[in-house]
Amino acid sequence: MYGERSTRVVAFRGLSVQTNLEAVAIMVSTAFLGTTWLERALYPASFAFATGLHLGCHLLVAVAFGKGIDRMVLTRAGRIDYSGAPPSFVEAIVRTAAGPSMNAICAVVGSVILANVDTASWPAEVLLGAEIFTFASLVLTVINFLPAVPLDGGLILRTLLERVIGMERAVKASVIVSALVMLAMAVLGVVWFQPVLVYLAVVITYDNWRIQQCSPAVTVNFM
């Protein structure tokens, strides 16, 4: 399963937060987006803060539905282990969409402020931080809403498909859609000279293939 190779870094009131060196390296690699030392510090910090807001919103929605979270695994794609009874259809959609929706709100609010507020009097560092955080929020919104398992968009797609065509066919369909989306991500990563996108596309596709191979009930022919 996703994120099994991870180490607990925080434990608070029954909630365990885990990560690994790969995830840390991916986060730190966003520093290469910057051209100055300040930008190279602000990019990882902004992505980390935006990720924290993303996960915090997942938690708040789970609590609002009377559930909790036993474990957050912050790996290359991540996973969340919710406590309590299996969610209803509406609950599954809402709590899965909560994280990237928070990132979308931050991106929109940041863009509106930067476009309509007189920032001439702002310190250069504050303005740069606001711009980079808005950019990081937009990137996380787009990536997490992609219809590829195990990203939030992929989980939402699979939940919707299960409602229409049943679990087994929904899993098969979501694996195929995920492979196509990750192929497109890899191509864009090459075109935009963003090796992290290529890496994520490859490893997420491999994770999906490995899980599909380990599940006799889910056999998908990619040819």
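**Salt bridges around helix 3 and in helix 6**

In this predicted model, E91 and K67 are joined by a salt bridge whose closest N and O atoms lie 3.1 Å apart. E91 belongs to helix 3 (residues 89-116), while K67 sits in the loop between helix 2 (37-64) and strand 3 (68-74), so the pair ties together parts that are 24 residues apart in sequence. Is this bridge set among buried or exposed residues? E91 has a relative accessibility of 5% and therefore counts as buried. K67, at 18%, also counts as buried, because the limit for that class is under 20% relative accessible area.

E91 has a further partner in R95, and the side chains of these two residues meet in a salt bridge with an N to O distance of 3.3 Å. Here the sequence spacing is four residues within helix 3, so about one helical turn separates E91 from R95. R95 is likewise assigned to the buried class, with a relative accessibility of 9%. Taken together, K67, E91 and R95 are linked in a network of salt bridges. E91 takes part in both of the contacts described so far, with K67 and with R95.

How many salt bridges does the structure hold? The count is five, and the pairs described above are among them. Another of these pairs is formed by E168 and K172, with the closest N and O atoms 3.6 Å apart. Both residues lie in helix 6 (residues 167-191), where a spacing of four residues places them about one turn of the helix apart. The surroundings of this pair can be read from the accessibility values. E168 is partly exposed, with a relative accessible area of 45%, and K172 is partly exposed as well, at 28%. Neither value falls in the buried class, because that class requires a relative accessible area under 20%. For E91, by contrast, the value is 5%, and this residue counts as buried.

Helix 3 also offers a residue worth a look for its contacts, namely T96. T96 is buried, with a relative accessible area of 11%. Which residues does T96 touch once its neighbours within four places in sequence are left aside? The contacts are with H58, D152, L155 and I156.

Technical notes: Residues numbered from 1 in each chain as written. Predicted model: local features only at pLDDT ≥ 70, side-chain atom pairs only at ≥ 80, totals over all residues. Heavy atoms only, no water. Salt bridge = Lys/Arg side-chain N within 4 Å of Asp/Glu carboxyl O. Helix = DSSP H or I, 4+ residues; strand = E, 2+ residues; numbered from the N terminus. Buried < 20%, exposed > 50% of the residue type's maximum accessible area, 1.4 Å probe, protein only. Contact = heavy atoms within 4.5 Å.
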